[in-house]
Amino acid sequence: MTISHHPGDDVLLDLAAGRLAAGPALLASVHARMCPQCAARLRALEAAGGVLLESSPPQPLRADAFARVMERIAAPAAQGFAQAALPPPAVRRAPAETGVAESGRPDWPEGAPWPAGLDGCRFGPWKWIAPGMRWSRLLAPPEAAANVFLLRIGPGRSLPSHTHGGVEWTQVLHGRFHDGHALFGPGDFDAADGSIHHQPVVQGTDDCICLAAVDGRLRFDGLLARLAGSLVGL
């Protein structure tokens, strides 16, 4: 697998420091599990952060410090995704399914790898958006405010032309698409903001499945696309 598009060092630094919001943190950690290059960069950034922490002067703890630490241990947070990214890249193969299995996965293309970075996540069943296009909401573990979902688009189909009200984070898990600017394949990562106007079109004969996190709303060109997007939180 050749990965051509990666998160920037600023994204990986925020992931390592626990500053990245839950949705983008999950996508960046899934990418690092699929990409040895970014996993190494993430380790280096975390090591540098550890050196800086050790060299910092001691600071007095808050009276409730222990209780706050125990709360964070008990409740998964975005910081946990950074640690989840560190083991060597690995994938698991999911059997053909209908609906959602006990594992919390929607049905998956037979023989396609299920990213290890999504182990422990629960997704809803695939839901129809438009011909050849389905989506599956991530139910856990990010907080409810995180707008994270799987998007599955059939061969030759396209997402309607759009720009962005915030940032659209995309991690390709299976298949390929071209958005008029570049080709994105398995393992590729993209973060598109309001300066980008594009229309992803699926390439080849396989469905394209992406993990996406949306900050704000997509701004579709057409009225019907805007109405459909509003129904699924896009």
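**Helix α1, a surface patch and the cysteines**

The buried residues of helix α1 (residues 9–17) are V11, L12 and L15. This is a predicted model, in which local features need pLDDT of at least 70, side-chain atom pairs count only at pLDDT 80 or more, and totals for chains, interfaces and linings use all residues. Residues are numbered from 1 along each chain as its sequence is written, and side-chain values use heavy atoms, leaving out hydrogens and water.

Reader: What puts V11, L12 and L15 on the same side of α1?
Author: Their arc around the axis is only 95 degrees, so they lie on the same side of α1. The arc is taken from the directions from the helix axis to the C-beta atoms. Just after α1, G18 has a positive phi of about 75 degrees.

Reader: Why is F66 called exposed?
Author: Exposed means over 50% relative accessible area, buried under 20%, and partly exposed in between (1.4 Å probe, protein chains only). F66 has 62%, so it is exposed. F66 sits in helix α4 (residues 65–74); helices are DSSP runs (H or I, at least four residues), numbered from the N terminus.

Reader: Why is C35 called buried?
Author: Its relative accessible area is 2%, so C35 is buried. C121, at 3%, counts as buried too.

Reader: How do you know that C35 has no bond to the sulfur of C38?
Author: A disulfide is a pair of cysteine sulfur atoms within 2.5 Å. C38 holds the closest cysteine sulfur to that of C35, and the distance is 3.8 Å, so this is too far for a bond. By this rule, the count is zero disulfides.

Conventions: Helix = DSSP H or I, 4+ residues; strand = E, 2+ residues; numbered from the N terminus.
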